[in-house]
Number of protein chains: 2
Amino acid sequence: MITIDYRSREPIYQQIISRIEDLAASGLMSADEQLPSVRSLAVELSINPNTIQRAYNELERRGIIYSVAGKGSFLAKPSEAVREQKQADYLESFREQIRRAVSLGIKLEVLLGLCEKYYKQAEGGASK
Amino acid sequence: MITIDYRSREPIYQQIISRIEDLAASGLMSADEQLPSVRSLAVELSINPNTIQRAYNELERRGIIYSVAGKGSFLAKPSEAVREQKQADYLESFREQIRRAVSLGIKLEVLLGLCEKYYKQAEGGASK
DNA sequence: TTATGTGTACTAAGTATGTTAATACAGTTA
DNA sequence: TAACTGTATTAACATACTTAGTACACATAA
């Protein structure tokens with residue numbers, strides 16, 4: 001359900017946050033659905049439970065999930081505010097991405113074409 | 001000529017490597033053109049000369065630049081292979097970027113519009 | 001009740017990496 | 001000679017991530 005790139009420079013706990021945020025934003029998981037427990041996910045990913053808890057902690061702070069002692073952690077109702085914030089963050093990073101394309105000498109037409117192509121591919125493959 | 005994001009998680013020396021690689025790949029700098037000296041760039045960016053040297057060192061190892069003791073560091077002849085590899089890497093990451101836009105519910109039209117807008121901004125702002 | 005699984009909290013240590021600081025030496029050029 | 005260049009080395013510092021170990025409270029099922 002959640003995969004990690006151990007060689008990545010991005011910290012494990014950050015990767016977990018991103019994965020679960022994406023799961024929430026994409027609608028692949030529904031509200032109140034239960035997430036893997038701190039300990040079980042730690043075993044599954046072969047990492048320390050503290051690292052998982054750090055991720056879950058931050059996710060709860062952001063309102064992405066909610067946790068109940070003794071029961072488990074669950075997906076919160078998707079918040080429009082959260083989604084908008086993520087969109088805004090995304091668009092900001094997109095600007096940087098385009099800047100790099102320019103300095104690599106990639107033509108605008110190529111970029112637009114791939115944009116459309118990849119978009120439609122992802123649209124077809126993804127979804128609820 | 002080279003800008004750094006000090007808040008980024010990406011190490012400074014890595015950012016410098018990327019910037020200069022991009023400059024080389026884009027053709028904004030020509031072969032044998034002189035780069036800022038280790039010390040001057042350190043002053044300009046307000047960082048330690050060792051950090052610059054680390055970047056230049058790696059760039060030389062990759063064949064992007066060459067250095068001559070007493071004279072300075074210069075751009076190597078652009079390798080078509082390097083440029084193509086960088087473009088390919090970029091386009092691969094672009095696909096992932098678009099995939100994320102979809103799962104965030106950003107419309108294709110918005111993406112295309114920003115693509116064009118940011119592209120032209122970067123094109124105007126960039127240059128030697 | 002007991003056992004087991006859940007979240008939560010805390011402290012300490014280990015590890016890796018990036019960065020700075022301070023020197024020193026050698027080549028180039030005006 | 002003086003003022004630039006690149007290169008090299010060692011030590012210390014700073015930060016962040018991760019692990020280890022322990023403890024406690026709550027929930028649920030046997």
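**View 1. K86(A) and the residues it touches, from both chains.** Leaving aside residues up to four places away in sequence, K86(A) touches E21(A), D22(A) and A25(A), plus R100(B) and L104(B) from the partner chain (contact means heavy atoms within 4.5 Å). This is a predicted model, in which local features need pLDDT of at least 70, side-chain atom pairs count only at pLDDT 80 or more, and totals for chains, interfaces and linings use all residues; side-chain values use heavy atoms, with hydrogens and water left out. Residues are numbered from 1 along each chain as its sequence is written, while chains are lettered from A and ligands numbered from 1 in the order in which they are written. K86(A) sits in helix α4 (residues 80-103) of chain A (helices are DSSP runs of H or I with at least four residues, strands are runs of E with at least two, both numbered from the N terminus). K86(A) has 10% relative accessibility, so it counts as buried (buried is under 20% relative accessible area, exposed over 50%, partly exposed in between, using a 1.4 Å probe and protein chains only). Its side chain also makes a polar contact of 2.9 Å with the side chain of E21(A) (that is, a pair of N or O atoms within 3.5 Å; within protein, one must be able to donate a hydrogen and the other to accept it, and residues adjacent in sequence count only if both atoms are side-chain atoms).

**View 2. V38(A) in helix α2 of chain A.** V38(A) is partly exposed, with a relative accessible area of 23%. Once residues up to four places away in sequence are set aside, V38(A) touches P49(A), I52(A), Q53(A) and Y56(A). A55(A) lies 17 residues from V38(A) in sequence, and their C-alpha atoms are 9.5 Å apart.

**View 3. Chain A on its own, with five helices and two strands.** Read from the N terminus, the order is α-α-α-β-β-α-α. The C-alpha atoms fill a box of roughly 55 × 30 × 25 Å along the principal axes. Of the 128 residues here, 39% count as buried. Among contacts between residues at least 6 apart in sequence, 54% link residues at least 24 apart.

**View 4. Where chain A meets chain B.** Chain A puts 37 residues into the contact and chain B puts in 38. Together the chains bury about 4100 Å², with 66% of that on carbon and sulfur atoms (buried area is the accessible area, with a 1.4 Å probe, that two parts lose on being put together, summed over both). The top trio on the chain A side is Y90(A), L104(A) and Y119(A), supplying 18% of the area that chain A buries against chain B, more than any other three residues.

**View 5. The β1-β2 hairpin of chain B.** β1(B) (residues 65-68) and β2(B) run antiparallel, joined by four bridges (strands pair if DSSP finds at least two bridges between them). V68(B) faces G72(B) across the pair. Three residues separate the strands, and G70(B) takes a positive phi near 90 degrees. Side chains in a regular strand alternate between the two faces of the sheet. In β2(B) (residues 72-75) both faces are covered, with G72(B) and F74(B) buried on one side and S73(B) and L75(B) buried on the other.

**View 6. The protein around DNA strand C.** There are 26 residues around this strand, and R39(A), I12(B), N48(B), N50(B) and R54(B) come nearest (a residue is near a strand if one of its heavy atoms lies within 4 Å of it). Sugar and phosphate make up 59% of the strand C atoms that come within 4 Å of the protein. A polar side-chain atom of R39(A) is 2.9 Å from a base nitrogen. On the phosphates, a polar backbone atom of I12(B) is 2.8 Å from an oxygen, and a side-chain N or O atom of S37(A) is 3.3 Å from one. By class, this surface has eight nonpolar, eleven polar and seven charged residues (Ala, Val, Leu, Ile, Met, Phe, Trp, Tyr, Cys and Pro are nonpolar; Asp, Glu, Lys and Arg are charged; the others, Gly among them, are polar).

**View 7. The protein around DNA strand D.** Here 26 residues surround the strand, with I12(A), N48(A), N50(A), R54(A) and R39(B) the closest. Sugar and phosphate account for 62% of the strand D atoms within 4 Å of the protein. T51(A) brings a polar side-chain atom to 3.1 Å from a phosphate oxygen, while a polar backbone atom of G70(A) is 3.4 Å from a sugar or linking oxygen. The elements giving two or more residues to this surface are α1 (12-26) and α3 of chain A with α2 (38-45), α3, β1 and β2 of chain B.
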